[in-house]
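Please walk through this structure slowly, with the sequence at hand, and let one residue at a time lead to the next. The paragraphs below begin with charged side chains and then move on to a sheet, a helix and a patch on the surface.

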Amino acid sequence: MAANTQCVVAGGGPAGIVLGLLLARAGVEVTVLEKHADFLRDFRGDTVHASTIRLLDELGLGEGFRALPQSKLGNFRLPVGSDDSVVLADFGRLKAPYNYVAMVPQWDLLNFLVEAAQQEPTFTLLMNTEVTELLTDTPGAVVGVAYGTRDPQTGVLTGHGELRAPLTVACDGRGSVLRRKAGLVPQEFPVPFDTWWFRIPRTPGEDEPLASIAPRFGSSDVLLSLTRKDYHQIAYLAAKGSDPQLRAAGIEAFRGKVAALRPDLADRVEAIESLDDLHLLDVKLNRLSRWHKAGLLLIGDAAHAMSPAGGVGINLAVQDAVAAARLLAGPLLTQTLDDGHLAAVQRRRWLPTVLIQFFQRVLHRVVFAQVMAGKQPKPPKPLVFVVRNFPSFGKLPARMIAFGPRPEHAPEFARRKP
């Protein structure tokens, strides 16, 4: 089966859905392909930064977004010892209403955005539909994708088809199938740790603030707890590549590590029933030197995988999508799209990507690499002095984290009144 559209988007994550929504509001016929049956997957990025909240306001979606289940982060703390930290970024110093980072389950955010996009007649979302191949013409330009439809009961790919379009956008994440099919290889940067996500229940009497982030440092590991309404979402960080050793040591040894780092949760570590409850994130930090070829554009993690440090990955991907929609909607509608337009998207988003990855690499070096080597993290003393003695300094890193170095605004064609 073959069909045609003006833009095919591979991947129904935040970047893919936001791009589809914006292009559809411009009148572009856009089809988003998502390989899963729904968005209900644990331990995906849940941070929605001020830049994205402002974007939703500009799209007329702010009121609906604020009605979603969420909590607020008011600051970002930098560890300076085993039991000490300083406020590096104080979001409360930013101008309201964009003076916080929202913690929103990603499935709620995606369902909300899809509902808005489906109000547009030119938007189509195909679930259980997995992109399997790029289609190319004789000169080698990408002209669409081949896909398979997955049986929701068996998980087996059954139907197959082709979807042709002047533009294909890869939003299919750090393990991008389309990136591999296009022969594009990212530059990898060293990362000192991997992350294992799991849950531990909250007790009714706990009064810890809902959106707190509580890092605990061990001899060569870190426990980071995100406090949610009914549970603690916990990230255990240890040396990269140590998953086989961790699993070989067994569940009791892992429970012991958690109890040692969070003694207040020691009475609940039995909730980690087996090592199957640990969800490994093979942390990557990389980027492509070229995000496009004729007929194909890569954005978000497909173009630049981000470390979880700072929780900026979702928002950087959303900003990519906004820039792409603004720069490409017109050429798509006038059928004048060429490689120069795709290159313009990369030029627009290159500097923010490089800057954010630079700061993540610094954070890896001065904090996480130290811990993984069995040392206490030692941030630069001048930075600690400034943060402790000049509280107003917290506004600068707060703005960098909340908005990024080049925040994007909604294009005029996509704006709506609430």
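Which residues are linked with Arg349 in a network of salt bridges? In this predicted model, the network consists of Asp320, Arg326, Arg348, Arg349 and Glu408. Side chains of opposite charge can pair when their charged atoms come close.

Arg349 is a useful place from which to look around, and its position in the chain is in helix H9, which covers residues 339-372. Is Arg349 buried or exposed? Its relative accessibility is 1%, and because buried means under 20%, Arg349 counts as buried. Setting aside the neighbours within four places in sequence, the residues in contact with Arg349 are Trp291, Leu316, Gln319, Asp320, Ala323, Arg406 and Glu408. Two of these contacts can be described in finer detail: the side chains of Arg349 and Asp320 are joined by a polar contact of 3.0 Å, while a polar atom of the Arg349 side chain lies 2.9 Å from the backbone oxygen of Arg406. Ile299 offers another point of reference, since its C-alpha is 9.2 Å in space from that of Arg349, although the two residues are 50 apart in sequence.

The network around Arg349 is part of a wider picture, for the count of salt bridges comes to 22. One of them joins Arg255 to Glu252, with the closest N and O atoms 2.6 Å apart. How are Arg255 and Glu252 placed in helix H7? They are three residues apart in this helix, which covers residues 251-261, so that about one helical turn separates them. Arg255 is buried, as its relative accessible area is 8%. Arg255 also forms a salt bridge with Glu270, where the closest N and O atoms are 3.1 Å apart. This second pair links distant parts of the chain, with Arg255 in helix H7 and Glu270, 15 residues apart from it, in the loop between H7 and strand S19 (279-281).

A further salt bridge, between Glu162 and Arg164, has its closest N and O atoms 3.5 Å apart. Here Glu162 counts as partly exposed because its relative accessibility is 29%, and Arg164 is likewise partly exposed, with a relative accessible area of 34%.

From the charged pairs the reader may turn to the strands. An open sheet is built from six strands in the order S9-S3-S2-S13-S22-S21, and their pairing is mixed. Its edge strands, each of which pairs on one side only, are strand S9 (123-126) and strand S21 (292-293). Within this sheet, strand S2 (residues 7-10) pairs with strand S3 (residues 30-33) in the parallel sense, over four bridges. Which residue in S3 is the bridge partner of Val8? That partner is Thr31.

Helix H2, which covers residues 50-58, holds Glu58. How much of H2 is covered? Eight of its nine residues are buried, and the helix is therefore mostly covered. Those buried residues are Ala50, Ser51, Thr52, Ile53, Arg54, Leu55, Leu56 and Glu58. The elements against which they pack include strand S4 (47-48), helix H3 (62-66), strand S8 (101-103) and helix H4 (106-117), and helix H8 (313-334) and helix H11 (395-403) are also among them.

Glu58 itself has a relative accessible area of 13%, and so it is buried. Not counting residues up to four places away in sequence, Glu58 touches His409, Ala410, Arg415 and Arg416. With His409 there is also a polar contact of 2.5 Å between the two side chains. After H2 comes Gly60, whose phi is positive, near 80 degrees.

The last stop is on the surface, where Phe358, Phe359 and Met400 form a nonpolar patch that has about 300 Å² of accessible area together. Phe359 lies in helix H9, the helix in which Arg349 is found. Is Phe359 buried or partly exposed? With a relative accessible area of 45%, Phe359 is partly exposed, whereas Arg349 counts as buried.

Conventions: Residues are numbered from 1 along each chain as its sequence is written. This is a predicted model: local features need pLDDT of at least 70, side-chain atom pairs count only at pLDDT 80 or more; totals for chains, interfaces and linings use all residues. Side-chain values use heavy atoms; hydrogens and water are left out. Helices (H or I, at least four residues) and strands (E, at least two) are DSSP runs, numbered from the N terminus. Buried means under 20% relative accessible area, exposed over 50%, partly exposed in between (1.4 Å probe, protein chains only). Contact means heavy atoms within 4.5 Å. A polar contact is a pair of N or O atoms within 3.5 Å; within protein, one must be able to donate a hydrogen and the other to accept it, and residues adjacent in sequence count only if both atoms are side-chain atoms. A salt bridge is a side-chain nitrogen of Lys or Arg within 4 Å of a carboxyl oxygen of Asp or Glu. Patches are made of residues with over 30% relative accessible area and no salt bridge: like charges are joined within 9 Å, nonpolar side chains (Val, Leu, Ile, Met, Phe, Trp, Tyr) within 5 Å. Accessible areas come from the Shrake-Rupley method with a 1.4 Å probe; for residues, only the protein chains shown count as cover. Two strands pair if DSSP finds at least two bridges between them.
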